[in-house]
Amino acid sequence: MNAPTPEISAEFFPVQTPQAADELARVRQELAVLHPAFYSVTYGAGGSTQEHSFATIERIQQEGSVAACPHLTCVGATRDKIRAILERFRALGIRRIVTLRGDLPSGVIDPGEFRYANELIEFIRRETGDEFHLTVAAYPEWHPQARSPQADIDAFCNKVRAGANAAITQFFYNPDAYFHFLDSIHKQGIDLPVLPGIMPILSFSKLSRFADACGAELPRWMRRKFESFGDDSAAVRAFALDVVTALCEKLLAGGAPGLHFYSMNHAQSTLEICRRLGLNPSADK
Ligand code: FAD
């Protein structure tokens, strides 16, 4: 029997100007050759970019070729606000949501009416039943605020018991962490599709800053090698593609149900990685 074709999906962050929105639409068009299962759009807990997230979601839905999947954070929100957003999603024909706690912007101290993502999921299930497919965040290298790895696994399992259908991981470069995470949740009797979040490496210095902020580890052997390339951007790009493709190969060989690309609003690295994996039907293998 042939292995099922892995599900590809991609994440975008909202852009602020009409020109940038057109550029992002071109990126989506390029990625469409991968037949993505969905395009997700991030959502800032702070508020200032939320309307841009809605605009991006609306445009993806209007394009009609790939399902739009909004992220929704609950920190700082009231039940009424979440209820109104769900109504807005319903009006747009949204079927799938990435449900998150989010992080309060610095200086804001009111956590609102939801403390953790499991409370958001419980609320959505209570209000809308099975209308939406709910995806939650998973952390193979543990969430930076978790009291312990076991506490983080327990919190994840609570989100699933509250009604999550699937998960997407924080990005990571150590496949063992992903498989260990799966073993840990299986031991708790939890089984659901956990899509590994894949971060193509576009700039190593930016990636380092980002990884520090979200608690993802950049292995020393990778870090040292990237540093050794200095300003040689061709060498950086070639190594980045090799490293991320090898990671994806290991994940898929180990049974990952698909790959969720943190596109950073670019298409080329994702397309090239998928080409190398034999998952880009429009490209030479
Ligand atoms: P939770 O699952 O609530 O967990 C948060 C922390 O609380 C964890 O340490 C957990 O162990 C702990 N915890 C949970 N329940 C309990 C409890 N009952 N008692 C004690 N501790 C508990 N951020 C955005 O702002 N916008 C986005 O669009 C966005 N998209 C993301 C997409 C993905 C795939 C991922 C992996 C992350 C994304 N984030 C986004 C970042 C995310 O919002 C942060 O990592 C946030 O800090 C945690 O959100 P969560 O939903 O994982 O929270």
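Student: Hi! How far is an oxygen atom of the ligand from an N or O atom in the side chain of Asp 103?
Tutor: That separation is 2.6 Å. It counts as a polar contact, meaning a pair of N or O atoms within 3.5 Å; within protein, one must also be able to donate a hydrogen and the other to accept it, and residues adjacent in sequence count only if both atoms are side-chain atoms. Before we go on, this is a predicted model, where local features need pLDDT of at least 70 and side-chain atom pairs count only at pLDDT 80 or more, while totals for chains, interfaces and linings use all residues. Residues are numbered from 1 along each chain as its sequence is written, and side-chain values use heavy atoms, with hydrogens and water left out.

Student: Okay. What about an N or O atom in the side chain of Tyr 139?
Tutor: For Tyr 139, a side-chain N or O atom is 2.7 Å from an oxygen atom of the ligand. Arg 101 uses its backbone instead: an N or O atom there lies 2.8 Å from a ligand oxygen.

Student: And how much of the ligand does the protein bury?
Tutor: The protein buries 83% of the 980 Å² that the ligand exposes when taken alone. Those areas come from the Shrake-Rupley method with a 1.4 Å probe, and for residues only the protein chains shown count as cover.

Student: Which residues around the ligand are the closest?
Tutor: Tyr 43, Asp 103, Tyr 139, His 143 and Asp 152 are the closest of the 24 that surround the ligand. A residue is counted as near if one of its heavy atoms lies within 4 Å.

Student: Which strands and helix each supply at least two residues of the shell?
Tutor: Strand S3 (67–73), helix H5 (149–161) and strand S6 (166–171) each do. The labels are DSSP runs numbered from the N terminus: helices are H or I with at least four residues, strands are E with at least two.

Student: Switching to backbone angles: what is phi of Trp 142?
Tutor: Phi is near 75° there, a positive value in a residue other than glycine. Trp 142 is in the loop between strand S5 (133–138) and H5.

Student: Why is Trp 142 called partly exposed?
Tutor: Because its relative accessible area is 23%. Buried means under 20%, exposed means over 50%, and partly exposed is in between, with a 1.4 Å probe and protein chains only.

Student: And what is phi of Asn 265?
Tutor: Near 65°, again positive in a residue other than glycine. Asn 265 lies in the loop between strand S8 (258–262) and helix H10 (268–276), and it counts as buried because its relative accessibility is 12%.

Student: Now Arg 96. Where does it lie?
Tutor: Arg 96 lies in strand S4 (residues 96–100). Its relative accessible area is 18%, so Arg 96 is buried. Leaving out residues up to four places away in sequence, Arg 96 touches eight-way company that includes Glu 7, Phe 38, Phe 132 and His 133. A contact means heavy atoms within 4.5 Å.

Student: Is Glu 11 buried or exposed?
Tutor: Glu 11 is buried, because its relative accessibility is 14%. This residue is in strand S1 (residues 7–12). Beyond four places in sequence, the residues that Glu 11 touches include Ser 40, His 71, His 260 and Tyr 262. Glu 11 and Ile 198 are 187 residues apart along the chain, yet their C-alpha atoms are separated by 10.0 Å.

Student: How far apart in space are Ile 201 and Leu 182?
Tutor: They are 25 Å apart, C-alpha to C-alpha, with their positions 19 residues apart in sequence. Ile 201 sits in the loop between strand S7 (194–198) and helix H7 (204–214). It counts as buried because its relative accessibility is 7%. Among the residues that Ile 201 touches, beyond four places in sequence, are Tyr 173, Met 222 and Val 244.

Student: Last one: what does Pro 281 touch?
Tutor: Pro 281 touches Val 33, Leu 34 and His 35, not counting residues up to four places away in sequence. Pro 281 lies in the segment after H10, and it is exposed because its relative accessible area is 54%.
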